[in-house]
Amino acid sequence: RKQQNGHTRRLMSETENFHKQPFVIGVAGGAASGKTTVCDMIIHQLHDQRVVLVNQDSFYHNLSSEELTQVHEYNFDHPDAFDTEELLSSMEKLRHGEPVDIPKYDFKSYNNNVFPPRRVNPSDVIILEGILVFHDPRVRELMNMKIFVDTDADVRLARRIRRDTAEKARDIATVLDQYSKFVKPAFDDFILPTKKYADIIIPRGGDNHVAIDLIVQHIRTKLGQHDLCKIYPNLYVIQSTFQI
Ligand code: ADP
Ligand code: C5P
């Protein structure tokens with residue numbers, strides 16, 4: 001009986017956390033694999049929920065004036081390129097219901113002070129998207145669901161060439177040099193090894209409507225439990241206690 005009381009107390013404190021904190025989804029995968037596209041599709045399908053998207057890109061370190069003179073030697077695909085402490089602090093605040101100002105990164109000037117920051121309010125669902133969001137265990141631990149977008153390397157490279165020449169005004173030679181020097185090695189050394197942490201692996205990214213439908217259904221189920229707990233705070237405890 002003593003043991004059951006302890007168990008019930010633990011379940012009650014889990015329930016308290018459960019209905020206070022948002023559902024956090026991590027979306028990782030190689031550059032141009034379709035992460036943003038998948039996130040946009042999830043957000044679109046969850047139209048009646050409060051969802052916010054946080055991009056790991058927002059937490060790139062600014063480059064020093066010396067680094068700016070040799071920008072083609074800078075590895076933007078290495079975990080050290082990101083200010084993970086700042087990312088963690090913003091995510092913790094959002095998880096605890098505080099609004100945060102998230103910088104907007106400018107890929108042309110390599111700087112996050114060009115645009116005003118974006119005010120992000122706490123929501124029912126927080127999606128954290130980026131090439132290396134599964135790299136740091138402390139960031140992984142914040143996530144209730146981890147998705148890895150798995151797209152073939154040739155498709156990623158083709159999309160990257162198209163995107164970086166059109167949107168970042170870079171020439172093809174620069175894109176290919178960066179790819180062979182930094183992007184591909186970092187994918188093999190740092191991004192691909194984090195695939196094992198994923199709960200769900202989506203082949204073909206945004207083309208995979210079945211995977212996205214299933215993910216949205218799962219999130220809805222979790223949010224439904226969340227709402228039930230708000231209405232009947234003891235329901236989860238009662239159900240779980242009966243199962244013992
Ligand atoms: P990531 O966020 O992983 O970098 P994006 O979703 O931004 O990837 O996609 C990278 C580029 O590829 C974008 O220009 C996007 O429009 C394009 N793209 C993404 N998914 C597809 C798809 N299924 N078919 C064609 N182009 C796509
Ligand atoms: O949006 P996506 O996940 O593709 O963004 C990550 C990519 O952006 C990395 O592969 C990195 O090389 C690239 N990047 C860049 N220039 C910067 C910052 C990031 O090419 N200034």
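Helix α7, residues 172-191, gives the largest share of the lining of the largest cavity: three residues. Keep in mind that this is a predicted model. The whole lining is Gly 30, Ala 31, Asp 77, Arg 156, Val 183, Phe 187 and Ile 191. By class, that makes four nonpolar residues, one polar and two charged. How much volume does the largest cavity have? About 30 Å³. And how many cavities of 30 Å³ or more does a search of the whole structure find? One.

Now the largest pocket. Its space comes to about 1000 Å³. There are 39 lining residues, and the closest to the pocket centre are Thr 36, Asp 57, Phe 107, Arg 163 and Lys 168. Three elements give two or more residues to this lining: α2, β2 and α6, the last spanning 153-167. Which of them gives the largest share? That is α6, with four residues. Look at the classes too. The pocket lining holds 16 charged residues, twelve polar and eleven nonpolar.

On to the sheet. It is open, with five strands, and the pairing is parallel. Read across, the order is β2-β5-β1-β6-β7. Which strands sit at the edges? They are β2, at 51-55, and β7, at 200-203; each of these pairs on one side only. Neighbouring strands are turned by 20 degrees against each other on average, with direction ignored.

Take one pair inside that order. Strand β1, residues 23-29, runs parallel to strand β5, residues 125-129. Five bridges join the two. One of the contacts to look up is Phe 23, whose bridge partner in β5 is Val 125.

Helix α2, residues 35-45, packs on this sheet. It touches β1, β2, β5, β6 at 145-150, and β7. The direction of α2 makes about 170 degrees with that of β5. Recall that α2 is also among the elements lining the largest pocket.

Last topic: charge pairs. Side chains of opposite charge can pair when their charged atoms come close. How many salt bridges are counted here? Twelve. Here is one of them. Arg 50 forms a salt bridge with Asp 124, and the closest N and O atoms are 3.8 Å apart. The cut-off is 4 Å, so this pair falls within it. Where do the two partners sit? Arg 50 is in the loop between α2 and β2. Asp 124 is in the loop between β4, at 118-120, and β5. The pair links distant parts of the chain, 74 residues apart.

Definitions and conventions:
Residues numbered from 1 in each chain as written. Chains lettered and ligands numbered in written order. Predicted model: local features only at pLDDT ≥ 70, side-chain atom pairs only at ≥ 80, totals over all residues. Heavy atoms only, no water. 1 Å grid on protein atoms, 1.4 Å probe; cavity = no way out; pocket = protein on both sides within 12 Å on 5 of 7 lines; lining within 4 Å. Points joined across faces, edges and corners; volume = space filled by probe spheres on them. Nonpolar A, V, L, I, M, F, W, Y, C, P; charged D, E, K, R; others polar. Pairing = 2+ DSSP bridges. Axes fitted to C-alpha atoms, helices over the stretch in contact; angles between N-to-C directions. Contact = heavy atoms within 4.5 Å. Salt bridge = Lys/Arg side-chain N within 4 Å of Asp/Glu carboxyl O.
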